Amino acid sequence: MNILSMENMIKSYGEKVLFDIPSFGMEENDKIGLIGVNGTGKSTLLKVIAGIEAPDKGRLTVGNNLRMEYLPQDPSFDPEATVLQQIFKGDSPMMTLLKAYENALEKANHSMDSGAWQKKLLALNQQMDQMNAWNMESEAKTVLTRLGIFNFEAKVGSLSGGQRKRIALAAVLINPADLMILDEPTNHIDNETVDWLEEYLNRRKGALLMVTHDRYFLDRVANRIIELDRGKLYTYSGSYSMFLEKKVDREEQELAAERSRENLYRRELAWIRKGAKARTTKQKARIDRFEKLKEGMGETGRESFEISAGATRLGKKVFELAHVSKSFGAQKVIDDFSFVFSRRDRIGIIGPNGIGKTTLLNIISGRLSPDQGKAEKGQTVKLGYFSQENQEMDENLRVIDYIKEEGEQISTSDGRIISAAQMLERFLFSSRVQWTPIGKLSGGEKRRLYLLRVLMGAPNVLLLDEPTNDLDTTTLTILEDYLDDFPGVVIAVSHDRYFLDRVVEQIFAFQDHGVVLPYVGNYSDYQDFVRRGGKGTEKLPPDKRENKEKNFKNKQATLKFTYKEQKEYEEIDDVITGMENELKEVQERINAAGSDFILLQDLLKKQEELEQQLAEKMERWTYLNELAEEIAREKKPKQ
């Protein structure tokens, strides 16, 4: 059933048209992810649908009695309200009763006239029973706890920005709604909480519309993707992974159409240059068509967004942390941590919020001194620190002047020189936007501009503190490509699982009491390690390592297949072929599933399981073949 629809919806910001949408509709079971480059109007579109802003033109039609809950990117708060009072901010009868109950409970505990408030509480208790409101209060506390908020009586004004965003998210989650609208719900929450939120939203009935940069989250929650691209809205059925495939097809079709239009333009231009006169109706119509064609040229051309990696030379010594410890009051956040960084390290730092991840970055950067131990920096190290909070920006400063303050140009890894203006173009800041004041940019555009400023300094060590917050998926993809070729060290604090899998090769996992566990592998590798109970890849103590090496050498002396390995070696090629065929069949069924979202989810789950099994079998195939080659070499007579 259709719950809302748009017709001829137009919204502009100054001279820029944010979106021009002929038609769009949502069904009651849609879970839609809205994506697009920062500054294209995603948050504005959410506000229009939520009724916060009005469109310039067009009509939004919503179903009768449709209940909507909206999480803005920057929620407003009453600093004097307690956490629970902020949660129960709505004006429905249930919310009004819960607010009255929480207020009476606080007064009964702290007021001089507690007896009168106790009587009030008794009356409210009966109303709570009648409306079954206890479940709502219990769910609110459960959701807050899962989001990392434990002190329900704390004043909202005393909490961090991330905690306040999580309180706003909790308020939306507990309120019954037919349509939930979420703007960046995964910002400021850790990986474990994101996993829980995925499960919560997948269990929840009702429609969902969200803007998020978390690509794994989109993959696992969304059943439709809509892309806002240069004012137009494109709709794709399926998950984020399916969107990526379908978008390539769309762009190839657009490119083919653009080539045809260019060929037509050249032919018509040649005809015009011959001195065409509008003497006949046909000639006049042809000239008019040429003028329209000329106006439309270049509209579908894709904007380039490439970054060439450039960095200052980095010497052999980078950083060394030796027995570093750090505490804040009674809380120890880092306990006796040692590590020597190498020149091509790609390290991801993970752990719950507030556990000490940013503290480690600040010790590495020299912004903070350890209580014990030492942190030494190599002489050639040139740091680039992309922090959670943007640097103070002069809102009146023009975009290009802000970048030129850091550098007029940058040398790329292949020896080319790129100017500040050219780099801005590659970061999707057109020549027109470059001369506008920073104050006119969106929050995401400011974040992208700040990232460019860090890179314009040509650092050879990049410290990234939650780099994926408020960056769009396009920017993230290009940043990841840039880091592939970056000739220095990357150390990133992040809760973005996709980013960690794509970029890092080592994990620093923060645990309780200041313990930092180094692990070789990406985020998914580490999660597998944890699921196995931390067994199979631990570093062995010296004495056990020596015994293991001796056993290995003894095994090498009589190297051969066991009976089970020999049988597995003979059969594994056929097994892998069968699994590949089964995976191909599942993928074909996915393509044919259409809008049958229940079947689609089952098939996607099956696909994920098969891909995991196939990856494990391929690892086993590699081991068995390497062992077979080793056995063959041993058997070969020595010359």
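Axes here are lines fitted to C-alpha atoms, for helices over the stretch in contact, and angles run from 0 to 180 degrees between N-to-C directions.

**View 1. Helix 5 and helix 7 in contact in the predicted model.** The axes of helix 5 (residues 134-146) and helix 7 (residues 191-203) come within 10 Å of each other and cross at roughly 140 degrees, and the two helices are therefore oblique to each other. On the side of helix 5 the contact is made by E139, V143 and R146, which meet T193, W196 and Y200 of helix 7. Sorted by class, this contact has three nonpolar, one polar and two charged residues.

**View 2. An open sheet of six strands.** The strands follow the order 5-6-7-3-8-9, with mixed pairing. Strand 5 (68-71) and strand 9 (232-237) stand at the edges, and each has a single partner strand, so one side of each is left without a neighbour in the sheet. From one strand to the next, the twist averages 15 degrees.

**View 3. Strand 3 beside strand 7, with helix 1 packed on the sheet.** Strand 3 (residues 31-35) and strand 7 (residues 207-211) run parallel and are joined by four bridges; for K31, the bridge partner in strand 7 is L208. Helix 1 (residues 42-50) touches strand 3, strand 5, strand 6 (179-183), strand 7, strand 8 (224-229) and strand 9, and the direction of helix 1 makes about 155 degrees with that of strand 6.

**View 4. The chain around these details.** The secondary structure of the chain comes to 21 helices and 20 strands, and 45% of its 639 residues count as buried. The chain exposes about 34,100 Å², of which carbon and sulfur atoms supply 48%.

Notes
Residues are numbered from 1 along each chain as its sequence is written. This is a predicted model: local features need pLDDT of at least 70, side-chain atom pairs count only at pLDDT 80 or more; totals for chains, interfaces and linings use all residues. Side-chain values use heavy atoms; hydrogens and water are left out. Angles under 35 degrees count as roughly parallel, over 145 as roughly antiparallel, 65 to 115 as roughly perpendicular and the rest as oblique. Contact means heavy atoms within 4.5 Å. Ala, Val, Leu, Ile, Met, Phe, Trp, Tyr, Cys and Pro count as nonpolar, Asp, Glu, Lys and Arg as charged, and the others, Gly among them, as polar. Buried means under 20% relative accessible area, exposed over 50%, partly exposed in between (1.4 Å probe, protein chains only). Accessible areas come from the Shrake-Rupley method with a 1.4 Å probe; for residues, only the protein chains shown count as cover. Two strands pair if DSSP finds at least two bridges between them.
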